[in-house]
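This report covers the contact between two chains, the spaces in and around them, and some details of the backbone. The structure comes first.

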Amino acid sequence: MPRIFQPAMRAAVLTAVVVLAAAAVPAAQQAAGKTAPDKAAVDKAFETLRTFDWGQDRGPLRAIDDAIVATHGDAAARKDLESRLAAVLTGSAPRAAKDFACRRLSLIGTADSVPVLAGLLTDKDLAHMARFALERIPDAAAVEALRAALPKTAGGLRIGCIVSLGVRRDEASVPALAALLAEQDQAVAAAAATALGHIGTPQAAAALGDFLKTAPAGLKPIAADANLACAGRLLAGGKKAEAAAIYKSLSGLDQPKHVRVAAAQGLLAAAAP
Amino acid sequence: MSHQPTITRRELLQAAAAACAAPYVITSGALGAAGKPPASQRVTIGKIGCGGQGSGLGGCGGQVVAACDAWKDRRERWAAQTGGTAYRDFRDLLSRPDIDAVVIATPDHWHVPVAVAAAKAGKDMYVEKPLGVSVYQDQACREAVHRYGRVFQYGTQQRSQSHCRFGCELVRSGKIGQVKEILVVAPNSGPGGNAKPLSVPDGLDYDLWLGPAPWTPYTGCPLGGDGWYHCYDYALGFIAGWGAHPLDILVWGYDTHRHGPWQVEGTGIIPTQGRHDAIYDWNVRITLGNGVRITFTPGGDHTRFIGTEGWVGISRGGIKAEPESLLKLQLGPNDVHLVESASHGGNFIDAVRSRATPVSNIDDAVHSDIISHVSDIAIRLGRKLTWDPLRDEFPGDAEANRMLCRAMREPWGV
């Protein structure tokens, strides 16, 4: 601080700064007793992030995490952070930097981030971290992006999207997932069956019922498990008759013992008042 | 519209008969070797994870017939010691019909994916603590274990120490009066670990070791010691990894999940240098719906229940109480008596045979692990959260609810 600042003047200036700063802090932050983000530190963190790579000190990036915490309830500030994180994904930043950005977008990302994240679903290095964010973004645009990626992907990348749709229990994806049960790639068909089991709607049950009859030998255990999972969801939702029908279909001696035990348990649960 | 289920008594009996109609298979050692129990009494074990924890657990008293690890030397050493078969990929081990049960002692991020696959394959399981790396994983594990009626033993072996059981029985029997406060203390995590990329050593299938965790370069933490325990991609740090023990005693002595909603807040440090990035120096305060306060901090190992008429402190090493006379109390027939187990592995093997519920069951495992998760989430979000322990969610808090799951790296799922 320059010497010309006398104590009284210094106090007056500090008071003014504090008052102005307090006025700029959103109400939610004041209520939570949070500190406003240090803009200079955040700017520096984003500058560091442009070239951040594995093994480097993460300390300079800490300001971004602090800003995420401090801006809870401040939509405008969050939007600014979100757009800056999304910009990292479109540039030439190292994989580690994009990994960092995806993880933070999983916390604050909105529909606005979905297009850039969706663009990474076909990137073998970044698809997982894109799903890391998309799986958590509540907006319907996130699941729509995962669904839209199904015909554009194959193998592991497609399986990843299928798994995420199952985690989200996206009912709108049932037709697309049901179609994948006939895929030549058995790992894809298996993932689709498991996802349908998680979704657990009557439409999913219908597709899985057919799959139980038509699945190749190697997928029979997956088909049985997906049907059991689906029946469990229906049962939890009060659809006892539909669940019981599935359990009955898995009670035959053509099923392994642990599946028959599971089906018997399910039938008992479905019969309970 | 939901219809009444059309299940006849005959159908139920038929289903039950079909479920019991055939034995699993004749076990691998049916012909038996000298000095071993007959096959009908022997439980065959597949070991999945043969590092430090896995080696300590052995086969829990069962007959190890298979050993699996992403490290070649570890799986081959165990296979050679037991005369079993070595497997790189746990899915190959699980496909063996002659294996009754598995002991899962992998790094934490693999616990639930392997456990769910084991349940689907009809295997019983002993699973090292902590449970999952997300609440979603915990729920998936509980669902799969219940779906198939599997025997599940959680690796919280304090439940097989008589003084721990007695302490929890004192609390549940009201001998300290009404519980007002519970202090939980576990060893601390900390900073450290090499963060610089290194060459993957021969004999490690690093991609399989990572499995569902995000890809990052090899930095040496899969080598063992306690490196990966403190890396957030593979674990939550000791807020879960060691915290699982005193938190398990907490839920054994008090039904936290029945007293919602909880108010959860806390502080902690996330390291920014080195590979470790799990929280350490945490200080978590949870207030249950009935006003009972829980404080969870690092610095030791104990769970102290404080009531209106005294307190009981339980640790792996012993039990203390005030008044001390509580420790000499003989519990009567009308007091609470918890499941008795003198050997954690033995209790598991007995349960595999009898189909009883082991002393460390899946529901309690989920309850205690979730305390670690909500603590971690509250610290990371830096604000007080409300948790509904019956619905397993933060009511009306979309931001916090996002953190209940972590997308798994392809092609893995549960």
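## A pocket lined by both chains

Helix H6 of chain B supplies eight residues to the lining of the second largest pocket, more than any other element gives. The model is a predicted one. The pocket encloses about 730 Å³ of space. Its lining counts 33 residues, and those nearest the centre are Val167(A), Arg169(A), Tyr136(B), Gln139(B) and Leu404(B). Both chains therefore appear in the list of elements that give two or more residues: H12 and H14 from chain A, and helix H5 (108-120), helix H6 (135-148) and helix H12 (398-402) from chain B.

By class, the pocket lining holds 14 nonpolar and 14 charged residues, with five polar ones.

## The interface of chain A and chain B

How many residues of each chain are in contact with the other? On the side of chain A there are 61, and they touch 63 residues of chain B. The two chains bury about 4,900 Å² between them, and carbon and sulfur atoms account for 55% of that area. Within chain A, the residues that lose the most area to chain B are Arg58(A), Arg136(A) and His258(A), which together make up 14% of what that side buries.

The rule finds 27 residue pairs in polar contact across this interface, counting pairs with both residues at pLDDT 80 or more. Eight helices are listed for chain A as supplying at least two residues each to the side that touches chain B: H4 (62-70), H6 (95-108), H8 (127-134), H10 (155-167), H12 (186-199), H14 (220-236), H15 (240-249) and H16 (257-271). Of these, H16(A) gives the most, with twelve residues. The class count for this side of chain A is 27 nonpolar, 14 polar and 20 charged residues.

## Salt bridges

Over all chains the structure holds 43 salt bridges. Across the interface of chain A and chain B the rule finds six. In one salt bridge, the side chain of Arg233(A) meets that of Glu143(B), at 3.2 Å from N to O.

Another salt bridge joins the side chains of Glu399(B) and Arg78(A), with an N to O distance of 2.6 Å. This pair also crosses between chains, running from helix H12 of chain B, where Glu399(B) lies, to helix H5 (residues 75-90) of chain A, where Arg78(A) lies.

## Cavities

Rolling a probe the size of a water molecule over the atoms shows where empty space is left. By the rule used here, four cavities of 30 Å³ or more are counted. The largest cavity holds about 830 Å³ of space. It is lined by 34 residues, and Arg58(A), Phe100(A), Arg103(A), Arg104(A) and Asp277(B) lie nearest its centre. Arg58(A) is also among the residues of chain A that lose the most area to chain B. H4 and H6 of chain A and H11 of chain B each give at least two residues to the lining of the largest cavity. H6(A) contributes the largest share, seven residues. The lining of the largest cavity divides into 16 nonpolar, six polar and twelve charged residues.

The second largest cavity has about 80 Å³ of space. From chain A, Phe132(A) takes part in its lining. Chain B contributes His109(B), Val133(B), Gln137(B), Pro212(B), Ala213(B), Pro214(B), Asp233(B), Arg406(B), Ala407(B) and Met408(B). Seven residues of this lining are nonpolar, two are polar and two are charged.

## Backbone details in chain B

Which peptide bonds are cis? One is the bond from Lys129(B) to Pro130(B), with omega near -5°. Pro130(B) sits in the loop between strand S5 (124-127) and H6 of chain B, and that helix is the one that gives the most residues to the lining of the second largest pocket. Another cis peptide bond runs from Gly260(B) to Pro261(B), with omega near -10°. Pro261(B) is placed in the loop between helix H9 (244-253) and strand S8 (262-269) of chain B.

Arg355(B), a residue other than glycine, has a positive phi, near 70°. Arg355(B) is found in the loop that links helix H10 (344-354) and helix H11 (362-381) of chain B. H11 of chain B also supplies at least two residues of the lining of the largest cavity.

Notes. Residues numbered from 1 in each chain as written. Chains lettered and ligands numbered in written order. Heavy atoms only, no water. Contact = heavy atoms within 4.5 Å. Buried area = accessible area lost by both parts, 1.4 Å probe. Salt bridge = Lys/Arg side-chain N within 4 Å of Asp/Glu carboxyl O. Polar contact = N/O pair within 3.5 Å; in protein donor to acceptor, adjacent residues only side chain to side chain. Helix = DSSP H or I, 4+ residues; strand = E, 2+ residues; numbered from the N terminus. Nonpolar A, V, L, I, M, F, W, Y, C, P; charged D, E, K, R; others polar. 1 Å grid on protein atoms, 1.4 Å probe; cavity = no way out; pocket = protein on both sides within 12 Å on 5 of 7 lines; lining within 4 Å. Points joined across faces, edges and corners; volume = space filled by probe spheres on them.
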